Amino acid sequence: MKRILVTGGAGFIGSNFLHLLLQGEGDFQVFNLDRLTYAGNLLNLCSVEDDPRYRFIEGDICDQKLVTEIFQSQEIDTVVHFAAESHVDRSIMGPGEFIQTNVVGTFTLLEAARQMWPEGKGRFIHISTDEVYGSLGEIGLFSEATAYDPRSPYSASKASSDHLASAYFHTYGLQVIITNCSNNYGPYQFPEKLIPLIIQNALSGKALPVYGDGMNIRDWLYVEDHAKALLRVLEAGEFGETYNIGGNNERTNLDVVHTICDLLDEMTEPLEAGGNRRDLIQFVKDRPGHDRRYAIDATKIKNELGWDPSVDFAQGIRNTIQWYLDQDEWTKAVLDGSYRDYYSKMYEGR
Ligand code: NAD
Ligand code: TDX
């Protein structure tokens, strides 16, 4: 029986991954180690908390004593490592936490795995991002062979953690796999990120902040497709390999915002003040070091592991909007005082 340690499972992608994993019949135990930062929320896990195969452990991945104790007492043989500080804008406001959790936290987990697992045993799946590759011009795609060129404190911290994971494979033979994924969207995403932020603001008739000229491009992937890709990696990925995961779905930010506005006009009551949601768009000061374009070549994971995205953007964005419309309790819980403080620091006077 596999004994899996998931880190950051109370966050956006981690909770979607746990839902999928626990929907399966497999014989395993899964432990979710999460510090419950502003981005972690146990409401994301209500549907799995009674599953006897699942246990939540509140704690910090940087806590070496705790991490070692979990590896020992639970005989962990698999790590799926999501825990991170994940928001680029917050990393620009204050990089310290990013270095701590993303670099030191990853090191702490790798080190525990190295100490505890005999050579040739264990599996360590390190979840990372396409942002480590930097910014693309108008053409080209990021492949697994693209050189790293991170531009924000967030992406630099993720790049550092990827390099550590890779070094543990080469130096110690730790059975590591790294995945680099494009922008995710879908249920349970914290509303600091573009898509849920625009949905929440557009619902309440607030300004919709678009950075710069709105022509930056991201490759959007529905979060369940990312979770499915990670399950394939867990089942059949090759140790020492990197897999790029992407949606083959490039869109300008402005196009994404327009799509959300039009769908909300169609799916909900009109705004009290009249007009349509596109009228709420405000171009604001650009993000410093804003990467212009990301796009993933996902040929390797398609050919080697048989994974392809299955939800197209038209369907995925509609599901996402409907999910936020249905989640009053969740929304109230996350749009709390700390979010409002963050929002005013980030957006007022911009
Ligand atoms: P998130 O911010 O929604 O969730 C992060 C989770 O980690 C939260 O539950 C938080 O409580 C937990 N956490 C943070 N610091 C911790 C610590 N020190 N110890 C224990 N738990 C801690 O992030 P997400 O969007 O779900 O991203 C998950 C992973 O996927 C990250 O590693 C991120 O870099 C990567 N990723 C995200 C995207 C995306 O579009 N969101 C794309 C590619 C890769
Ligand atoms: O208010 C906004 N206005 C705006 O124009 C916000 C929050 C964002 N943007 C722009 C910036 C980006 O070009 O939208 C794009 C997407 O922004 P984010 O949602 O902050 O995502 P991004 O910076 O692309 O990073 C995301 O994808 C890769 C995740 O946050 C990372 O965790 C992941 O690694």
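The following dialogue discusses how to read the fold, the nonpolar cores and one helix residue of a predicted model.

Biologist: How many helices and strands does the protein chain have?

Modeller: The protein chain of this predicted model has twelve helices and twelve strands. Along the principal axes, its C-alpha atoms fill a box of roughly 65 × 45 × 40 Å.

Biologist: What does the radius of gyration say about a chain with 350 residues?

Modeller: The value is set against that of a compact globule, which for 350 residues would be near 20 Å; the protein chain has 20 Å, so the two agree. Contacts add to this picture: of those with a separation of 6 or more, 82% join residues 24 or more positions apart.

Biologist: What percentage of the residues is buried, and how much area does the protein chain expose?

Modeller: Buried residues account for 55% of the 350 residues. The exposed area is about 14,900 Å², and carbon and sulfur atoms supply 48% of it. As for charge, the chain has 31 positive and 51 negative charges, and the mean positions of the two sets are 2 Å apart.

Biologist: How should I read a nonpolar core?

Modeller: In soluble globular proteins, nonpolar side chains tend to be buried together. Here the largest nonpolar core has 40 residues, and F17, V30, V80 and I301 touch the most other members.

Biologist: Which elements each supply at least two residues of this core?

Modeller: The strands are β1 (2-7), β2 (28-34), β5 (123-129), β6 (176-181) and β10 (242-245), and the helices are α1 (12-23), α7 (223-236) and α9 (299-305). Helix α7 gives the largest share, six residues. Apart from this core lies another, of 38 residues, including I199, L254, L271 and M346.

Biologist: Which residues does V30 contact, leaving aside its neighbours within four places in sequence?

Modeller: With those neighbours set aside, V30 is in contact with I4, V6, L18, L21, L22, R53, Y54 and R55.

Biologist: Let us turn to a single helix residue. Is M267 buried or partly exposed?

Modeller: Residues under 20% relative accessible area count as buried, and those over 50% as exposed. M267, with 23%, is therefore partly exposed. This residue belongs to helix α8 (residues 253-267).

Biologist: Which residues does M267 touch, not counting those up to four places away in sequence?

Modeller: Outside that range, M267 touches R318, I321, Q322 and L325. For one of these partners, I321, the separation along the chain is 54 residues, while the C-alpha atoms of M267 and I321 are separated by 8.9 Å.

Note on methods: Residues numbered from 1 in each chain as written. Chains lettered and ligands numbered in written order. Predicted model: local features only at pLDDT ≥ 70, side-chain atom pairs only at ≥ 80, totals over all residues. Heavy atoms only, no water. Core = buried A, V, L, I, M, F, W, Y, C linked by side-chain atoms within 4.5 Å. Buried < 20%, exposed > 50% of the residue type's maximum accessible area, 1.4 Å probe, protein only. Helix = DSSP H or I, 4+ residues; strand = E, 2+ residues; numbered from the N terminus. Contact = heavy atoms within 4.5 Å. Rg over C-alpha atoms; globule rule 2.2 N^0.38 Å. Areas by Shrake-Rupley, 256 points an atom, 1.4 Å probe, with all protein chains shown as cover. Lys, Arg positive; Asp, Glu negative; His and termini not counted. Charge placed at Lys NZ, Arg CZ, Asp CG, Glu CD.
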